[in-house]
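Got your viewer open? Load the model below and follow along, one selection at a time.

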Amino acid sequence: MVFQDALIPYKEILQMYWEKATGFVNAQCDGLEPWQLIGLTLSSTLIGVWLHGFLFQSESLASRTKKQFFKLLRKMPFVGAIIQKKIDEALNDVTSSLSFLKDEKDYIKGLPEQGMSQPEVLKKMKEYSSKGDVRWQDGKVSGTVYSGEEKLTHLLVKVYEEFAWSNPLHPDIFPGLRKMEAEVVRVACTLFNGGPNSCGAMTSGGTESILMACKAYRDLAYERGIKQPEMLVPVSAHAAFDKAAHYFGLKLIHIPLTKAMEVDVQAMRRAISKNTAMLVCSAPQFPHGIMDPIEEVAELAVKYKIPFHVDACLGGFLIAFMDKAGFPLKHPFDFRVKGVTSISADTHKYGYAPKGSSVVLYSDKKYRSYQFFIAPDWQGGIYASPSVAGSRPGGIIAACWATLMHIGESGYVEATKRIIKTARFIESELRKIDSIFILGKPEVSVLSIGSDTFDIYRLSNFLAAKGWNLNVLQFPSSIHLCITQLHTKPGVAEQFLKDVKDSIEDIMKDLSAKTTGMGAIYGMAQSVPDRSLVAEISQAYLDGLYSTDVPCSEKHMNGSPSHH
């Protein structure tokens, strides 16, 4: 009673303001015809709906405004011509830097009138497989080929021969293949400490695994009444999340990193809203090989009841064995962590299976059901598929199963031991070089190198001239080496370190020299405020993948007078 009496003065104040507001509105509408009131109400409603749609889109207003500004700028007669000239120059630089287009003299552009004999086809295949200057077999490539073991290759060829014509779309015709796929998923669930309700699916690679998890959580968000689902993703997470946002109409909110190159958990907490459909961490992330603070983000996932995906596509089949290999991680990362609802891991990386296989795993079947696609009313029958593709190559699934069974736990532990030991050795030696630094504190197999003394892209060019092929990164400028089994061969790590030191010694002789080639393109791309221009230039690379035109010119990189 006392509480109600205390509210009376506030109630009277509110009533007074309400009467003033209604009085003002009525005064403004005095003398208006009924049809005018209806028209004003309708117009105001339509403007409000349009304004809401304009302000609240998957892409932020600031981003759309920026794009529109640069679009108008390019249409201005004088300025537009200058910009287009610069774009054309950049396009020419990109095209001339594409090593896979060089030295091509002719292309097959139509079917042969008469089919080739098998010996002729095999001869042609040998010719194609020998193209290129970089020999991955020598361990001079970052990532790309994670095993390359000759005996395993022979086994995979035999397995693929046995299942070349199989298709998991028809489990009644290929029941053995269905069993293999189910066993691969169950083995992966066991590796990542999934419970009895854990489940998953095989996909064509890490990108599809990530797409499937995002699709599942988007549909779950729709069911929960979220009309504009958002996902909170570290800026270091794989670009497949950007692709998923683009494909599925999700709003992507990038979360910044700390100085340690880990996702900023407090920034992620502040970004959580009623529209948040999923949280994301990497284990480890691709650019710098850093493990995100999964336990801390999982606490947010539990607190706010949000699905949480851990992307372990790159190192999943390493970190699962690091404890037994004698290199325990500082923190758990898998289904042992309460709040982790899904994990993506590539069997075709450190699982050593052939390219085209990955797994997406869920802590419970209730999540996986949102991944599935079912068309119950199709005239061709009830259509149901677990992932993006309908038909899938059974030979790849069988080869993945065979790889897991052939290597076994002891084989994976030994391989992990060699790789992590090599990575720690290379890291310790690189940290002794004054003019470069390692970004963050990597725990797994990726080492990202930067420099405050010289343009790090020049080091990439110099190493390329010595036969190395490293990954070029941006924001911040850096290059990285992803250590695989090939780098554990005798002398490979030592040769890499020697070539890095020799290259830096040459670079330090002339710090003012300009960076050329792909390094210069990356440097330029980072400084361009209009990111649509960067995307336009990048399209030249994609176009080049399908080019059947004979190149007419060739340019060389700084520090790379020729390829050896």
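**Stop one: the cis prolines**

Start with P284, which sits in the loop between strand 4 (276-282) and helix 11 (294-304). Zoom in on its link to A283: the peptide bond joining A283 and P284 is cis, with omega about -5 degrees. Keep in mind as you click around that this is a predicted model.

Now jump to P476, in the loop between strand 12 and strand 13. Here the bond from F475 to P476 is cis, with omega near 5 degrees.

**Stop two: the sheet**

You can stay with strand 12 and bring up its sheet, an open one of 4 strands in the order 10-11-13-12, with antiparallel pairing. Strand 10 (437-438) and strand 12 (471-473) are the edges, each pairing on one side only. Select strand 10 with strand 11 (residues 446-450): they pair in the antiparallel sense over 2 bridges. I438 has I449 in strand 11 as its bridge partner. Next, show helix 15 (residues 456-465), which packs on the sheet and touches strands 11, 12 and 13. Its direction makes about 45 degrees with that of strand 13 (478-482).

**Stop three: positive phi**

Pick Y352, in the loop between strand 6 (342-345) and strand 7 (358-362). Its phi is near 65 degrees, a positive value in a non-glycine residue. Is Y352 buried or exposed? Buried, because its relative accessible area is 4%, below the 20% cut-off.

T144, in the loop between helix 5 and helix 6 (150-163), also has phi near 65 degrees. T144 is partly exposed, at 47% relative accessible area.

**Last stop: a nonpolar patch**

Finish by selecting F100, Y541, L542, L545 and Y546, which make a nonpolar surface patch of about 560 Å².

Note on methods: Residues are numbered from 1 along each chain as its sequence is written. This is a predicted model: local features need pLDDT of at least 70, side-chain atom pairs count only at pLDDT 80 or more; totals for chains, interfaces and linings use all residues. Side-chain values use heavy atoms; hydrogens and water are left out. Two strands pair if DSSP finds at least two bridges between them. Contact means heavy atoms within 4.5 Å. Axes are lines fitted to C-alpha atoms, for helices over the stretch in contact, and angles run from 0 to 180 degrees between N-to-C directions. Patches are made of residues with over 30% relative accessible area and no salt bridge: like charges are joined within 9 Å, nonpolar side chains (Val, Leu, Ile, Met, Phe, Trp, Tyr) within 5 Å. Accessible areas come from the Shrake-Rupley method with a 1.4 Å probe; for residues, only the protein chains shown count as cover. A salt bridge is a side-chain nitrogen of Lys or Arg within 4 Å of a carboxyl oxygen of Asp or Glu. Buried means under 20% relative accessible area, exposed over 50%, partly exposed in between (1.4 Å probe, protein chains only).
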